[in-house]
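Trainee: Please take one part of this model and go through it closely. I would like to follow how the helices and sheets around it are arranged.

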Amino acid sequence: MNEPSADPETIRSRLRAEAERRGFGLFGVAPATEADGFGRFCDWLDRGFAGEMKYLHKYRDERRHPSAVVSEVRSVVMLGLEYAERGVRSAERGMEDTDSALRTPHSARVAKYAHGPDYHRFIWDKLNELSAWLMAEVPGSYSHGTCDSAPLLERDFARRAGLGWFGKNTMLIHKRRGSFFFLAGLLTSLELPTDPPHTASHCGTCTACLDACPTNAFPEPGVLDATKCISYLTIELRGAIPLALREPMGDWLFGCDVCQDVCPWNRGRSPSPSGGEGLGVRGWEGNPDLAALDSVELLGLSKREFERRFANTSILRTRRTGLLRNAAIVLGNTGDERALPALEKAMTDADSVIAEAATWATERIRVRKG
């Protein structure tokens, strides 16, 4: 092991090398001061755009400053781990071709970030290793890793750490790596050299993401109404999906990639030093079986079968109720009458949310059938 060094530049350099060795292709350091976007975040909550995500309201004030997570924090190290292959979607056509070979008449799409193991545990393990390394490297220091696990405005600190700008679709965009990456933070008591914040926006007059959103979830550039977002509808919403938003969901079963797929910055991305075209990060290889799932097959899953099949994946988050509800809506949108037997059986499901969605889909197909 290297001899401990009190030189902040040396510590930072070693930390970056350790982060890259663990697959983090993006690295930057921000000062641990009040989050720049805390006011915008509060305004967003007050406008009701968080929907049923009550936990965002519960820990609202804690997001003002990273000291709510680590009291002695001096620096916020922001990390990015890429997870998707380079985009092959045409912004002009508005269509995605990456998984066309996997599609069947009843197949439904899953957002790219869910094509592998649950990223939370995968990244937490890497952060714990990195935190332990840093505390051993600098005895007496303290660090704590977070990835969707603490009240930290991660995008704010990532921008401040120089990792990118906020696109009109609210995603953090890196000039060479696009936006298909997970964000993670390492809060440390060490005062490390910081990176210049990313102050420019490189979206220009482009509105591809806003124009392509199937549910018109962006009331204005840079603002997302989560209650209309397909990712929210298919994952976070626990009850029935509003009728007006069902048809625009198309064949999205879990999450949505539309606003990222059409983004010009996701075309021709350069590989990261860590080998992260994402699906190449060891331990997070994509599973083709998760890219497109058969909606008819899903309707037949019991609670136990659902939990066994999707154990250790992000899809488990939506629970059986949400996934089967979504599958029924996809079938209603695709309109294949061969799905009617499975839907009619689902109409009798003990879960009222699933039964209602199946009834809606059945009626929709029958009307089309004439």
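Mentor: What follows starts from one helix and its sheet, then turns to a second sheet and the helices beside it. The model is predicted, and the description below should be read with that in mind.

Start with the sheet that helix α1 covers. Four strands make up this open sheet, and their order is β1-β2-β7-β4, with antiparallel pairing. Its edges are β1 (26-31) and β4 (143-146), each of which pairs on one side only. From one strand to the next the twist averages 20°. Within the sheet, β1 pairs with strand β2 (residues 75-82) in the antiparallel sense, over 6 bridges. In that pairing, proline 31 stands opposite serine 75 of β2.

Helix α1 lies across β1, β2 and β7, and its direction is at about 140° to β1. Helix α4 also packs on the sheet; α4 touches β2, β4 and β7, and makes about 30° with the direction of β7. Both helices therefore have β2 and β7 among the strands they contact.

The two helices also pack on each other. Helix α1 (residues 8-21) and helix α4 (residues 119-137) meet at an angle of about 155°, and their axes are 11 Å apart. The cut-off for roughly antiparallel is over 145 degrees, so α1 is roughly antiparallel to α4. Their crossing is right-handed. On the α1 side the contact involves Ile11, Arg14, Leu15, Glu18 and Ala19, and on the α4 side Leu130, Trp133, Leu134 and Glu137. Sorted by class, this contact has 6 nonpolar residues, 3 charged ones and no polar ones.

Helix α1 has a further link, through a side chain. Arginine 12 forms a salt bridge with aspartate 195, where the closest N and O atoms are 3.0 Å apart. Arginine 12 is in helix α1 and aspartate 195 is in the loop between β7 (181-188) and α6 (208-212), so the pair joins distant parts of the chain, 183 residues apart. In the whole structure, a search finds 26 salt bridges.

Now the second sheet. This open sheet has 3 strands in the order β8-β3-β9, and its pairing is mixed. β8 (252-254) and β9 (292-294) are at the edges with a single partner strand each, so one side of each has no neighbour in the sheet. Neighbouring strands here are turned by 45° against each other on average, direction ignored. Strand β3 (residues 107-110) pairs with β9 in the antiparallel sense over 3 bridges. Alanine 108 has leucine 293 of β9 as its bridge partner.

Helix α13 (residues 319-334) lies across β3 and β8 and runs at about 175° to β8. The axes of α13 and helix α15 (residues 352-369) come within 8 Å and cross at roughly 5°. The two are therefore roughly parallel to each other. Residues of α13 in this contact include Arg320, Leu324, Ala328, Ile329 and Leu331, while those of α15 include Val353, Ile354, Ala357, Trp360 and Ile365. By class, the contact of α13 with α15 has 11 nonpolar, 4 polar and 4 charged residues.

Technical notes. Residues numbered from 1 in each chain as written. Predicted model: local features only at pLDDT ≥ 70, side-chain atom pairs only at ≥ 80, totals over all residues. Heavy atoms only, no water. Axes fitted to C-alpha atoms, helices over the stretch in contact; angles between N-to-C directions. Parallel < 35°, antiparallel > 145°, perpendicular 65-115°, else oblique. Left-handed = near helix turned anticlockwise from the far one by under 90°. Contact = heavy atoms within 4.5 Å. Nonpolar A, V, L, I, M, F, W, Y, C, P; charged D, E, K, R; others polar. Pairing = 2+ DSSP bridges. Salt bridge = Lys/Arg side-chain N within 4 Å of Asp/Glu carboxyl O.
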